[in-house]
Amino acid sequence: MKKTAILVGVVFFLTVTVSGAWLFSPLDQLAQTAKAQGYLDYTPDEAITLAYERCATCHDVEKVLLYCSRCGPPFIVTIHFMKKYIDLANLDGNHVTPLTDAEIVAITQVWNGLIGNWESDWRVQDMTKLLGNDQALIELLNTPPEERRIEVALAGKFAPGSYKEQIQ
Ligand code: HEC
């Protein structure tokens, strides 16, 4: 009786573990794709991971961390230009994964939150012009920062090694 119970327990444990491992990775991948396509929201932590990953493929992440209001246009514009650099790099035979709209919107909020958002120093018309036909970022630009979910969550935080950290 006891042996049967143990056996049932072992079989149950193995079934759960194996099916978990088998199911988890495709499900996880599916969730990642759904987020990249904007069907599911990124959590702030996921967005941070994504930003550090994708913004350090062509140059060090220090380039992002040391960027500041005196350095150039706000992140929303700079990041739009990174999409162009990705296209150019790929025309040149590289294989940089393009950024989807949902990814770029999440990443922009991460750097705005962790480093700084100086969109208010700029004229909306100028930024809109620089954004060209990037509807996703234009929509973000027209969303007040206090209504941007990820940016709000990160407002009190700062990235280690960033300008915002040094002025705190
Ligand atoms: C396709 C490669 C590529 C990717 C991916 C990329 N960048 Fe860049 N980035 C460049 C190039 C090229 C420059 C300009 C030349 C330079 O300064 O090295 C640059 C420059 C910058 C600068 C400095 C701009 C300035 O005016 O001083 C910042 C800030 C920056 N990138 C942020 C980012 C962020 C944020 C991401 C993630 C969304 C990112 N980059 C992803 C290629 C890339």
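How many nonpolar, polar and charged residues does the shell around the ligand have? The answer is 13 nonpolar, 4 polar and 2 charged residues. The model from which these values are computed is predicted. The account below starts with the chain as a whole, passes to its domains and its core, and then comes back to the ligand.

In secondary structure the chain has 9 helices and 0 strands. Read from start to end, the pattern is therefore a run of helices, α-α-α-α-α-α-α-α-α, with helices and strands taken as DSSP runs. Along the principal axes, the C-alpha atoms fill a box of roughly 75 × 40 × 30 Å. The radius of gyration of the chain is 21 Å, whereas a compact globule of 168 residues would have one near 15 Å. Of the 168 residues, 25% are buried. Among contacts with a separation of 6 or more, 77% link residues that stand 24 or more positions apart.

The chain is divided into two parts: domain 1 covers 1–40 and domain 2 covers 43–167. Their C-alpha centres are 36 Å apart. The contact between them takes 4 residues from domain 1 and 4 residues from domain 2. On the side of domain 1 that touches domain 2, the residues divide into 1 nonpolar, 2 polar and 1 charged.

Next comes the nonpolar core. The largest one has 29 residues, and those with the most contacts inside it are Ala47, Ala51, Ala106, Ile107, Val110 and Trp111. Several helices each supply at least two residues of this core: helix 2 (44–54), helix 3, helix 4, helix 5, helix 7 (135–141) and helix 8 (149–154). The largest share, 8 residues, comes from helix 5. Ala51 gives a local view of the packing: leaving aside residues up to four places away in sequence, Ala51 touches Ile107, Val110 and Trp111. Ala51 lies within the bounds of helix 2 (44–54), and its three partners lie within those of helix 5 (101–114).

The ligand can now be placed against these helices. Around the ligand there are 19 residues, of which Cys55, Cys58, Tyr67, Met82 and Tyr85 come nearest. Helix 3 (62–65), helix 4 (75–91) and helix 5 (101–114) each supply at least two residues of the shell. Which helix gives the most to the shell around the ligand? Helix 4 does, with 6 residues. Helix 5, which gives the largest share of the core, is also among the helices that supply the shell around the ligand.

Conventions. Residues numbered from 1 in each chain as written. Predicted model: local features only at pLDDT ≥ 70, side-chain atom pairs only at ≥ 80, totals over all residues. Near = placed C-beta within 6 Å. Helix = DSSP H or I, 4+ residues; strand = E, 2+ residues; numbered from the N terminus. Nonpolar A, V, L, I, M, F, W, Y, C, P; charged D, E, K, R; others polar. Domains from an automatic or database assignment. Contact = placed C-beta atoms within 7 Å. Core = buried A, V, L, I, M, F, W, Y, C linked by C-beta atoms within 7 Å. Buried ≥ 20, exposed ≤ 12 C-beta atoms within 10 Å, placed from the backbone. Rg over C-alpha atoms; globule rule 2.2 N^0.38 Å.
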